[in-house]
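Subject: Structure handover and side-chain notes

Hi,

Here is the structure I promised to pass on to you. Please open it next to this message, and my notes will follow underneath.

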Amino acid sequence: KKQWLKFARSQSNDAVGKVRGREDPSRIGDAPNLDLEFVHDCQFVSSHNMRLLQEQDVTVANATLGEKTISGKKFIIATGASPVLPKNLTKAARDAGVPYFTYRSLLRPNSLDTLVNASAKNIVIVGGGATACELGQSLSRL
């Protein structure tokens with residue numbers, strides 16, 4: 001299992017690296033007819049104006065800091081996604097000494113080691129979407 005886990009981790013890291021390289025903001029930002037902004041929040045103030053807001057602790061190089069209004073004929077809003085951990089679920093898991101992961105944290109190197117070395121024989125996946133099903137299938141094959 002250890003060799004398989006090492007191979008799977010290597011393959012995963014390679015795939016993630018390729019995607020990150022392709023979607024690097026500095027590479028996208030060089031498009032001549034595209035203004036790229038990374039923001040925490042935004043809202044339309046009219047049909048051609050949008051107010052952008054970014055918190056000060058952002059780590060992305062091209063991020064808008066503070067607040068500003070931009071104008072344009074068209075806007076593309078790419079929201080991305082982040083896992084949500086219900087507080088009562090994480091508290092119960094901590095209180096019971098049960099490790100818990102999101103779909104992002106599960107693929108970090110130490111997380112898979114924790115799962116493989118755990119004495120528990122079962123895993124619970126909360127969620128029924130495509131990502132949950134894919135993770136369940138992948139974990140069942142370890």
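Below is what turned up when I looked at ring pairs, salt bridges and one loop residue. Please keep in mind that this is a predicted model.

Let me start with the aromatic rings. Searching the whole structure gives 1 aromatic pair. The partners are Phe-44 and Phe-75, whose ring centres sit 5.3 Å apart. Their planes meet at 85°, and planes over 60 degrees apart count as edge-to-face, so that is the label for this pair. It also brings together distant parts of the chain, with the two positions 31 residues apart in numbering. Phe-44 belongs to strand E1 (residues 41–46), while Phe-75 is in the loop that runs from strand E3 (66–71) to helix H3 (87–96). How accessible are the two rings' residues? Phe-44 has a relative accessible area of 46%, which makes this residue partly exposed, and Phe-75 is partly exposed as well, at 25%.

Next come the charged side chains, where the count is 2 salt bridges.

- Arg-51 with Glu-67: the side chains meet at 3.3 Å, N to O. This bridge links distant parts of the chain, as Arg-51 lies in strand E2 (residues 49–54) and Glu-67 in strand E3, 16 residues apart. Arg-51 is partly exposed, with 29% relative accessibility, whereas Glu-67 reaches 54% and counts as exposed.
- Asp-95 with Lys-91: here the N to O distance is 2.7 Å. Both residues are in helix H3, 4 residues apart, which is about one turn of the helix. Asp-95 is exposed at a relative accessible area of 58%, and Lys-91 is partly exposed at 48%.

Strand E3 comes up twice in these notes: Glu-67 lies in the strand, and the loop holding Phe-75 lies between E3 and H3.

The last item is Thr-102. Where does Thr-102 sit? Its place is the loop between H3 and helix H4 (109–117). Is Thr-102 buried or exposed? Its relative accessibility is 15%, and buried means under 20%, so Thr-102 counts as buried. Leaving aside residues up to four places away in sequence, Thr-102 touches Pro-83 and Leu-85.

That is everything I have for now. Happy to talk it through whenever suits you.

Best wishes

Notes
Residues are numbered from 1 along each chain as its sequence is written. This is a predicted model: local features need pLDDT of at least 70, side-chain atom pairs count only at pLDDT 80 or more; totals for chains, interfaces and linings use all residues. Side-chain values use heavy atoms; hydrogens and water are left out. Rings of Phe, Tyr and Trp (its six-membered ring) pair if their centres lie within 6.5 Å; planes under 30 degrees apart count as stacked, over 60 as edge-to-face and the rest as tilted. Buried means under 20% relative accessible area, exposed over 50%, partly exposed in between (1.4 Å probe, protein chains only). A salt bridge is a side-chain nitrogen of Lys or Arg within 4 Å of a carboxyl oxygen of Asp or Glu. Contact means heavy atoms within 4.5 Å.
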